[in-house]
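Student: Please take a close look at one part of this model, the open sheet of three strands, and then place it in the rest of the chain.

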Amino acid sequence: MNNAVRTVLTRALSLLLLGSLLLGTAAAAPRVGQHDGYTRLVFNLPATTTASSRVTGQSVTVTLGAPLKAEQGPLSASGVTAYAVAGRTVTVTLAKGHGSAKVSVLPAASGQPARLVIDVPSSVAASAVPARPAAAPTPPPAVVTRPASTAAANRPRIVLDAGHGGIDPGAVSRWVKEEDVTLDVALRTRAELLQHGVDVILTRSRDQHLSADKRRDLAARSNMANNGVVSAFVSIHVNSAGPGAQGIETYYFGQPLAGGNRSLAVLENGGGSVGEELTRQAAGTAQKELGDILAQAKISFSRQLAQKVQSRLIAATGAVNRGVQTDAFYVIKNPTTPAILVEVGFGSSPVEGPKLASAAYRERLAQALAAAILDFLNTK
């Protein structure tokens, strides 16, 4: 073997050994970044997986669906002091006075592996968890339904949004009003989820609006998914069109499909000039999010939730399957958690209108919706 060949082989083996060492540790030790207002920890994952998290005392505990290499060590960044990885459990110790964190899983993209991302507010004031919910605005949104003294800290929590209400009845036909159907289905879905240990926040629990200004009303609903640890946001609506239109369709946020009819997004965004303006704004956001990795992770999980909801609803009702689609609905633009909007049928249809007026049919919708959410949460 001549010296030139030996040199090439030596360099290749060195690179291979270095690569194997990096691969062996990358899935356990976090990369730490200081950002404006928060510290970010990034753990490489072997594949995109599920993740559930809880904050107890000064620890953030994440349970993954796939194991990582065991490792632990100190951290010297704002808001965090140490980390430990053991199998499927990742624990981050927070600095004194810190008590919150945002946890997400990003799918593999742009040459990077799947990642677990933990964002910890770097200031104590931003991170502190209040002892009780802040005073509700007027009119007040529904509060978390769990008993404060008995609920476990690691119970999953979702937001159910009964579309419209108060001064905005939504679509109205000879058989139903949208605001009545959405509220009844939301209440029935909540009842089923509570039986399975899921905490539920209702954006409204009676015939009310959250603001007379449609933009503020929609923002107030979606913002409920950004307070604390929320696993999903589901907005429930009733469709309206010509008498021949039937079926169920589920949306996650994004640009409308090519050739899609924008009138539905405009209608659900408030209708008229307000709906047109909010839809334009939301569509602009959707375009910008195409290059945002965090936004793409939310969209990926939203798509999974939408697919589960659509599948369950069609199986339970036998309704026409109008599929899973994307569109610029304002209410699912802002949540930092998986968010979808489901149209449970056409109140304007002589076939589906009477069904939606039936308590038994609404119960069937609620049971299917709850089953899909439980499936998404990996909860029995």
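Tutor: Two strands count as paired if DSSP finds at least two bridges between them. Strands are DSSP runs of E with at least two residues, helices are runs of H or I with at least four, and both are numbered from the N terminus. This is a predicted model, in which local features need pLDDT of at least 70 and side-chain atom pairs count only at pLDDT 80 or more, while totals for chains, interfaces and linings use all residues. Residues are numbered from 1 along each chain as its sequence is written, and side-chain values use heavy atoms, with hydrogens and water left out.

The sheet in question is open, has 3 strands in the order β3-β4-β5, and is paired antiparallel. Its edges are β3 (51-56) and β5 (80-94); each has a single partner strand, so one side of each is left without a neighbour in the sheet. On average, neighbouring strands of this sheet are turned by 35 degrees against each other, direction ignored. For such angles, axes are lines fitted to C-alpha atoms, for helices over the stretch in contact, and the angles run from 0 to 180 degrees between N-to-C directions.

Between β3 and β4 (residues 59-77) there are 6 bridges, and the two strands run antiparallel. One of the pairs is A51 with its bridge partner L64 in β4. On the other side, 11 bridges join β4 to β5, again antiparallel. There, P74 stands opposite A82 in β5. The strands β4 and β5 form a hairpin with 2 residues between them, and in the turn G79 has a positive phi of about 90 degrees.

Within β3, V55 can be followed further. V55 counts as partly exposed because its relative accessibility is 26%; buried means under 20% relative accessible area, exposed over 50%, and partly exposed in between, with a 1.4 Å probe and protein chains only. Leaving aside residues up to four places away in sequence, V55 touches V60, L94, G99, S100 and A101, where contact means heavy atoms within 4.5 Å. V55 and L94 are 39 residues apart in sequence, and their C-alpha atoms are 9.6 Å apart in space.

Another open sheet has 4 strands in the order β1-β2-β7-β6, with antiparallel pairing. Here β1 (31-35) and β6 (102-106) are the edges, each with a single partner strand, so one side of each has no neighbour in the sheet. The twist averages 20 degrees from one strand to the next. In this sheet, 7 bridges join β2 (residues 38-44) to β7 (residues 115-121), which run antiparallel; the bridge partner of T39 in β7 is V120.

Among the helices, α3 (residues 178-195) has 18 residues and reaches 26 Å from its first C-alpha to its last, close to the 26 Å expected at 1.5 Å a residue. The expected span is 1.5 Å times one less than the number of residues. Buried residues of α3 include V181, L183, V185 and L193. Just after α3, G197 takes a positive phi of about 80 degrees.

For the protein chain as a whole, the secondary structure comes to 9 helices and 13 strands. Of its 380 residues, 45% count as buried. Among contacts between residues at least 6 apart in sequence, 73% join residues at least 24 apart.
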